[in-house]
Amino acid sequence: MRDGKQAENILTSLAQLAEDAANKNMSIFEEAAATPPHKVLGRQKSVHHTLGGGKSADVLLWRNKKVSAGVLSSATAVWILFEWLNYNFLTLVCFVLILGMLGQFMWSNASGYLRISGSSSQAPRLVLPDELFISIAMSVGKEANKVLGYLQDISCGGNLKQLLLVCFLTSPMNLYGTKLLDQLVPKCKL
């Protein structure tokens, strides 16, 4: 019932707008352009208020162009990764881990050559915060911290042979992650 009244109000406002334009010898488009730009079809609420106001409406209306462009580009990148390139989450995590380990390996080895008068440059430790995990998942968080510490010890240890071995053993998970995920999670038919 409410939608019918709302549609009737919109049609009434359009008819009124056309009648006013005819009386003033203006087209309906010129009359619509003369109305305030923040109101849609003579409504009482602005588009910003209709979209919920706040930062989400600012992003949707492109009021902060940098944030809106960042949201659009990151959503596009995620869409390209998952739709065009057929990545899945496991493949992406393995790829990011390999790149992070190689970056830390280069940083820790280059810092020894670029050290300035005895100041030690150690890579910051990556530790997942315990506040994120509820009581059931605390053991998973501890194991994840152990694995991250182990991988970081390998990447910062300076042993190229061990680093290449771990990257070589991680690569099959990266390459065959799609097949593993397809076996674990069957495709839904719509």
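In which helix does Lys65 lie? Select Lys65 in this predicted model: Lys65 belongs to helix H5, which covers residues 65-84.

**The whole chain**

Before zooming in, display the protein as a cartoon. Eight helices and zero strands make up the secondary structure, and the pattern along the sequence reads α-α-α-α-α-α-α-α. Colour by accessibility next: of the 190 residues, 16% count as buried. The exposed surface amounts to about 15100 Å², with 66% of it supplied by carbon and sulfur atoms. If contacts with a separation of 6 or more are listed, residues 24 or more positions apart account for 46% of them.

**Trp62 and Lys65**

Return to Lys65 and show the side chain. Lys65 is exposed because its relative accessible area of 56% is over the 50% cut-off. A polar atom of the Lys65 side chain lies 3.5 Å from the backbone oxygen of Trp62. Now select Trp62 itself, in the loop between helix H4 (54-60) and H5. The backbone deserves inspection here: phi of Trp62 is near 60°, a positive value in a residue other than glycine. With a relative accessibility of 38%, Trp62 counts as partly exposed.

**Asn88 and the start of H6**

Move along the sequence to Asn88, placed in the loop between H5 and H6. Is Asn88 buried or exposed? Its relative accessibility is 8%, and Asn88 therefore counts as buried, the limit being under 20%. Show the side chain and two features come into view. A side-chain oxygen of Asn88 reaches to within 3.2 Å of the backbone nitrogen of Leu90, at the start of H6. The Asn88 side chain also makes a polar contact with the side chain of Thr91, at 2.9 Å. Thr91 is itself among the buried residues of H6.

**Helix H6 and the annotated span**

Select residues 89-113, which form helix H6. How far apart are its end C-alpha atoms? They are 37 Å apart; the 25 residues should span 36 Å at 1.5 Å a residue, so the two values agree. Display the side chains of the buried residues of this helix: Thr91, Cys94, Ile98, Met101, Gln104, Phe105, Ser108 and Ser111. As a guide to viewing such a list, an α-helix has 3.6 residues a turn, so residues three or four places apart point the same way.

Then select residues 88-107. An unreviewed UniProt entry annotates these residues as "transmembrane region". In the model this span is 95% helix and 0% strand, and its end C-alpha atoms lie 29 Å apart.

**Helix H7 and what follows**

Continue to residues 138-156, helix H7. Its 19 residues reach 27 Å from the first C-alpha to the last, close to the 27 Å expected at 1.5 Å a residue. The buried residues of H7 are Gly141, Asn145, Gly149, Leu151, Gln152, Ile154 and Ser155. Just after the helix, select Gly158, where phi takes a positive value of about 85°.

**Cysteines**

For the last stop, select Cys156 and Cys167. Which of them is buried, and which partly exposed? Cys156 has a relative accessible area of 29% and is partly exposed, whereas Cys167, at 9% relative accessibility, counts as buried. A disulfide is a covalent bond between the sulfur atoms of two cysteines. A search of the whole structure finds zero disulfides.

Methods. Residues numbered from 1 in each chain as written. Predicted model: local features only at pLDDT ≥ 70, side-chain atom pairs only at ≥ 80, totals over all residues. Heavy atoms only, no water. UniProt positions renumbered as here; feature names shortened; annotations may be inferred. Helix = DSSP H or I, 4+ residues; strand = E, 2+ residues; numbered from the N terminus. Buried < 20%, exposed > 50% of the residue type's maximum accessible area, 1.4 Å probe, protein only. Contact = heavy atoms within 4.5 Å. Areas by Shrake-Rupley, 256 points an atom, 1.4 Å probe, with all protein chains shown as cover. Disulfide = S-S within 2.5 Å. Expected span 1.5 Å × (residues − 1). Polar contact = N/O pair within 3.5 Å; in protein donor to acceptor, adjacent residues only side chain to side chain.
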